[in-house]
Amino acid sequence: MSANPPVCLPVRGFRCPFCGSRRRPYIQESVSSAGWMWLLVTLILTSLFAILTLFFCWPLLIGLPVFLIIGLLGLRSKDEYKVCSDCGIKLG
Ligand SMILES: [Zn+2]
C-alpha cells in the first residue's frame with residue numbers, strides 16, 4: 001500500500017515514446033516557419049520599396065512602417081508543440 005501521491009498527475013493515454021514517461025507534457029510555442037518566411041518576404045519588399053521611393057518619390061517613405069507592421073504580423077503565426085517534461089523530447 002503506497003500512499004505517496006505522484007508529483008505530477010499522469011495523463012491517461014499519454015506515454016512518451018522516448019523515455020516512457022507518463023507525466024503530463026508541457027506545451028511550447030515557437031514562431032512557425034511560414035511566419036519567418038512572411039517576415040523575410042516583407043522585409044525584401046520593404047527594402048525594394050524604400051530604394052524605389054528614395055529615387056523617385058521620397059515622401060512615400062511615410063508608408064514604410066505599414067510594410068514593417070505587416071511583416072511583424074507574420075510572427076504571430078505560432079506553432080504549438082508538446083515537450084516531454086522528463087526527457088525534453090519534442091512530441092509534435
Ligand atoms: Zn520523455
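**Reading strand pairing and burial in a predicted model**

Guide: In this predicted model, strand S1 (residues 26-31) and strand S2 (residues 78-83) pair in the antiparallel sense over 6 bridges.

Visitor: Which residue in S2 stands opposite Ser 30?

Guide: The residue opposite Ser 30 is Asp 79 in S2.

Visitor: How is the overall order of elements to be read along the sequence?

Guide: One lists the helices and strands as the chain is followed. Here the secondary structure comes to 2 helices and 2 strands, and the pattern along the sequence is β-α-α-β.

Visitor: Is strand S1 buried or in the open?

Guide: Burial is judged by counting neighbours, and a residue is buried if 20 or more other C-beta atoms lie within 10 Å of its own. Of the 6 residues of S1, the number buried is 0, so the strand lies largely in the open. For the chain as a whole, 2% of the 92 residues count as buried.

Visitor: How does Arg 23 count in terms of exposure, and why?

Guide: Arg 23 is placed in the segment before S1. Arg 23 counts as partly exposed because it has 18 C-beta neighbours inside 10 Å.

Visitor: How far apart are Arg 23 and Asp 86 in sequence and in space?

Guide: Separation in sequence and separation in space are read independently. Arg 23 and Asp 86 are 63 residues apart in sequence, while their C-alpha atoms are 7.4 Å apart in space.

Visitor: What share of the contacts between residues at least 6 apart in sequence joins residues at least 24 apart?

Guide: Among those contacts in the chain, the share is 67%.

Terms used. Residues numbered from 1 in each chain as written. Predicted model: local features only at pLDDT ≥ 70, side-chain atom pairs only at ≥ 80, totals over all residues. Buried ≥ 20, exposed ≤ 12 C-beta atoms within 10 Å, placed from the backbone. Helix = DSSP H or I, 4+ residues; strand = E, 2+ residues; numbered from the N terminus. Pairing = 2+ DSSP bridges. Contact = placed C-beta atoms within 7 Å.
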